[in-house]
Amino acid sequence: MCELLGMSANVPTDICFSFSGLRARGGRTGPHKDGWGMAMYRDGDVWAIHDPRPSADSDMAEVISNTSLKCDIVISHIRQANVGAVCLLNTHPFSRLLWGKTWTYAHNGQLDAADSLPISFHHPLGSTDSERAFCWIIEQLQARFGEHEPALNELSSKLAELALQLKSMGVFNMMLSDGVRLYCFCTTKLHWITRRAPFKKATLSDEDVIVDFKEVTTDKDVVTVIATQPLTHDETWQQMTEGELCVFEGGEVVSQIKVSNLTAAL
């Protein structure tokens with residue numbers, strides 16, 4: 001399957017260190033060689049890079065690994081193709097407009113009978129089950145809330161409900177963002193870590209790279225990194241549970257919904 005990487009920070013922060021660890025898994029230390037992509041938000045604006053080549057061999061990935069592009073939110077994905085050809089249109093993350101914002105999404109897993117998900121307006125450009133599920137999510141949100149974005153608690157509950165429906169079709173690990181918040185849903189594997197003062201050193205698991213975060217941060221910085229598998233071996237990562245939705249804003253958890261909580265609410 002694929003691997004995901006996300007970041008939410010209270011100040012513009014570069015993703016170089018974490019992406020270097022993820023990049024190595026795209027064809028060198030891992031089998032995810034069927035393309036990679038990254039969406040980066042700054043002040044609500046987003047720019048994205050997609051490449052159907054393995055991230056470990058990609059010159060564009062090399063640039064990202066060594067360039068301090070400071071962002072508020074990042075979603076990145078390295079692909080191990082299950083559904084759909086290896087091509088540019090099938091590389092994650094995908095984007096759609098909703099409520100005047102660019103929403104960006106990436107998925108790890110495989111969904112059975114994804115073609116049965118009803119869509120009317122937001123048709124996939126590629127041929128993956130992942131993008132079709134994204135189009136379905138966007139249309140379901142529009143159908144439920146109309147032209148006005150709901151409050152966080154309403155939106156989180158609805159996203160958790162939709163994610164659970166997709167989970168019933170297979171494996172659905174997801175990252176979704178509107179440039180303000182980062183929504184993460186776990187079916188099998190997602191881990192996260194929040195770094196804040198006092199900052200320490202960290203060592204990547206897949207590369208011989210060490211960073212002393214004290215040298216590149218201030219005492220007010222809060223940065224949360226989310227990944228399919230922990231990217232460092234000398235830090236304590238938290239593992240999300242099956243059926244859990246976590247929402248991050250400014251590096252902090254602002255909403256957390258688990259299966260039992262959602263069942264009680266429904």
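A residue is called buried when its relative accessible area is under 20%, exposed when that area is over 50%, and partly exposed in between, with a 1.4 Å probe and protein chains only. Helices (H or I, at least four residues) and strands (E, at least two) are DSSP runs, numbered from the N terminus. The model is predicted: local features need pLDDT of at least 70 and side-chain atom pairs count only at pLDDT 80 or more, whereas totals for chains, interfaces and linings use all residues. Residues are numbered from 1 along each chain as its sequence is written, and side-chain values use heavy atoms, with hydrogens and water left out.

**Exercise 1. Determine how many residues of strand E12 are buried, and which residues cover each face.**

Step 1. Six of the six residues of E12 are buried, so the strand is largely enclosed by the rest of the structure.

Step 2. On one side the buried residues are Val222, Thr224 and Ile226; on the other they are Val223, Val225 and Ala227.

**Exercise 2. Place E12 in its sheet and identify the edge strands.**

Step 1. The sheet is open and has seven strands in the order E3-E2-E4-E1-E12-E9-E13, with antiparallel pairing. Two strands pair if DSSP finds at least two bridges between them.

Step 2. The edges are strand E3 (45-51) and strand E13 (238-239); each has a single partner strand, so one side of each is left without a neighbour in the sheet.

Step 3. Strand E1 (residues 3-13) is joined to E12 (residues 222-227) by five bridges, and Ala9 stands opposite Val223. Six bridges join E9 to E12, where His191 stands opposite Ala227.

**Exercise 3. State which strands helix H1 touches and which of its residues are buried.**

Step 1. Helix H1 (residues 16-24) packs on this sheet and touches E1, strand E2 (36-42), strand E4 (71-78), strand E9 (191-196) and E12. Contact means heavy atoms within 4.5 Å.

Step 2. The direction of H1 makes about 175° with that of E1. Axes are lines fitted to C-alpha atoms, for helices over the stretch in contact, and angles run from 0 to 180 degrees between N-to-C directions.

Step 3. Nine of the nine residues of H1 are buried, among them Phe17, Phe19 and Arg23.

**Exercise 4. Describe the six-strand sheet and the helices on it.**

Step 1. The open sheet has the order E5-E6-E7-E8-E14-E15, with antiparallel pairing. Its edge strands, E5 (94-98) and E15 (252-257), each pair on one side only, and the twist averages 20° from one strand to the next.

Step 2. Five bridges join E14 (residues 244-249) to E15; Cys246 has Gln256 in E15 as its bridge partner.

Step 3. H3 packs on the sheet, touching E5, strand E6 (101-108) and strand E7 (173-177), and its direction makes about 15° with that of E5. H4 lies across E6, E7, E8, E14 and E15, running at about 35° to E8.

**Exercise 5. Locate Phe185 and list examples of its contacts.**

Step 1. Phe185 lies in strand E8 (residues 182-186) and is buried, with a relative accessible area of 0%.

Step 2. Leaving aside neighbours within four places in sequence, the contacts of Phe185 include Ala160, Ala163, Leu164 and Lys167.

Step 3. Phe185 and Leu5 are 180 residues apart in sequence and 13 Å apart in space, C-alpha to C-alpha.
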